[in-house]
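Colleague: I'm new to this one. Can you walk me through it?
Modeller: Sure, have a look first.

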Amino acid sequence: MSAKSVVSATVLTIFCCIAGATPGGGEAHASDHREFDAVLQTPFHADNKGMRTITLHFSYPDSEQTQQVRWQLELLRADERVLKRWKGRASLAAAALAVPIRWNARARLGTTGRLPAGLYRLRLRAGIENAIDNTVDIEQSWEVAVGRPRPAPLASAPALAGPRATPYQAYLGNLHSQTNHSDGGGALNQCSGAQPPQSAALGPTEAYGYARRHGLDFLMTSEHNHMFDGSHGTNADAEPAAVKALYHSGVHAANTWNLAHPDLLAIYGQEWGVINNGGHLNILNGEELLGWERNAAGALLADTATPRNDYATLYALMRQRGWVGQFNHPRADQFAIGGKPLAWTPDGDAAMLLCEVMNSNAFSNRDDESEPQHSNYEAGCNKLLEAGYHVAFASNQDNHCANWGASYGNRTAVLLKRGEALNGATFLAALKARRVYATMDKNAELILTANGHMMGERFDNQGRLTLRVGYVGRRGQRAAAVKLFAGVPGRNGEVSVLSRKAHTVFTPKLGEHFYYARVTQNDGKMLWSAPVWVTQRPR
């Protein structure tokens, strides 16, 4: 059954990390998944005694020595005041580590007393002490409920609900996954992480079939660009013809699938880059395999050479070719140009359309949408927006096991005009218009409009600006909170909360702005709208 749904609304408001191979051949300087990672797992609601167990997950796969993790967990009020703080250190080796924290929300907090009912935020910051690889703090943040919070105020918002409320229809899918063309495709009864490249049984065609049976409308198999030689490092004996043929067989498999299956759009592409001093991004429509590795004879193991970690050159090539991309699980130390992380270029702004705001556990082997571990990358996406990138939010699964789209109920939603068929051309047009929202609940819907302009648009404005958030929750879900966020592209500052109302009217300061909405449901699942970009002009 298709996961597509009509976007009608009531107005209201990782794990996959690659260190990579050395340029020009030779062994990789670190194994593909060696990087520090931290995940904050917390129940949204406490038990009937006010207790909940918060779990901090730390991992450093393939670490060659024990690392010392320092972490700090904070409980924040709506105004960002810190109400409670936990701190600690832990020894972390190659095996993952879980640190449980028991918290009684009914207990008194010093002179603050008991917390009133409402939504609060838990924020984890963690890093490696004395890290020789310049590891920076990882930030993870989720909202939690204390008591029975009041529902989000909806009464002041005009109704948008109805079967013809908007001229768009939502298609739901996953834009980040791997198969046996790189380090994915592992059978669920044997899979607990990344696979040795090209060792698993299941490839792109099997992935598309699985996603179709599980109700997705589209699936991207995004293979790691430097694994087409069958190794985590560089295969000195690899034949360039075989490497390139494997990539092009994937492109052919997606095209063949789409000719026969109009109810699921198959997308085949590559996840370019390495994690250490780099960053992953997906190229959604590239017809050439990009790479930097060479075999023992010096032959390039790709169609087109792209220097490792050279994002300025990559963005320029993408723009020239008309390729579009997605920032994958962005962190504050990644995508550097000239030593500046998350650096903006005109080429990058033209090519990069999406930013992953959250991922479910990339190494999950669950197939019933029950995966409890999720990673939040809103902080990284906000920094990219503040740098000047015009990106919409995406919510993907980064599947390495053979559970494409089924480990959790999160989806990327893409809005097509009513009556349009879902195909490569209409899908790409919707992405370029940034008509996208990210959701942790595949049954919920979200839109944001600004003076009638749909989310994703850029426009000039004079005078007042009216922001309206449209949301529909199903299966008993409703909005517990709505937040409208504001920022300034190119400022490289901090995104801030503009309003907690679904219907907000104000006059922006002169200049450039962006705004987006985030809805938190009464089950803790969140949805993010695409931003709107507004240039405020004088009258």
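**Cavity, pocket and sheet**

Modeller: Start with the second largest cavity. Its lining is N225, H226, F228, D229, V243, G291, W292, E293 and L301. Keep in mind that this is a predicted model.

Colleague: How much space lies in the second largest cavity?
Modeller: About 40 Å³.

Colleague: And how does its lining split by class?
Modeller: Four residues are nonpolar, three are polar and two are charged.

Colleague: Now the pockets. What volume does the largest pocket have?
Modeller: About 750 Å³. It is lined by 32 residues, and R121, E139, E378, A379 and N382 are the closest to its centre.

Colleague: Which elements each supply at least two residues of that lining?
Modeller: There is one helix, α5 (378-387). The strands are β8 (118-128), β9 (138-146), β26 (479-487), β27 (496-499) and β29 (511-521).

Colleague: What classes of residue does the largest pocket's lining have?
Modeller: 14 are charged, 11 nonpolar and seven polar.

Colleague: Switching to the sheet with β4. What is the strand order?
Modeller: β3-β4-β7, in an open sheet with antiparallel pairing.

Colleague: Why do β3 and β7 each have one side without a neighbour in the sheet?
Modeller: β3 (37-41) and β7 (97-104) are at the edges, each with a single partner strand, so one side of each has no neighbour there. From one strand to the next, the twist averages 15°.

Colleague: How many bridges join β4 and β7?
Modeller: Eight, with β4 covering residues 51-59.

Colleague: Which residue in β7 stands opposite H57?
Modeller: A98.

Technical notes: Residues numbered from 1 in each chain as written. Predicted model: local features only at pLDDT ≥ 70, side-chain atom pairs only at ≥ 80, totals over all residues. Heavy atoms only, no water. 1 Å grid on protein atoms, 1.4 Å probe; cavity = no way out; pocket = protein on both sides within 12 Å on 5 of 7 lines; lining within 4 Å. Points joined across faces, edges and corners; volume = space filled by probe spheres on them. Nonpolar A, V, L, I, M, F, W, Y, C, P; charged D, E, K, R; others polar. Helix = DSSP H or I, 4+ residues; strand = E, 2+ residues; numbered from the N terminus. Pairing = 2+ DSSP bridges. Axes fitted to C-alpha atoms, helices over the stretch in contact; angles between N-to-C directions.
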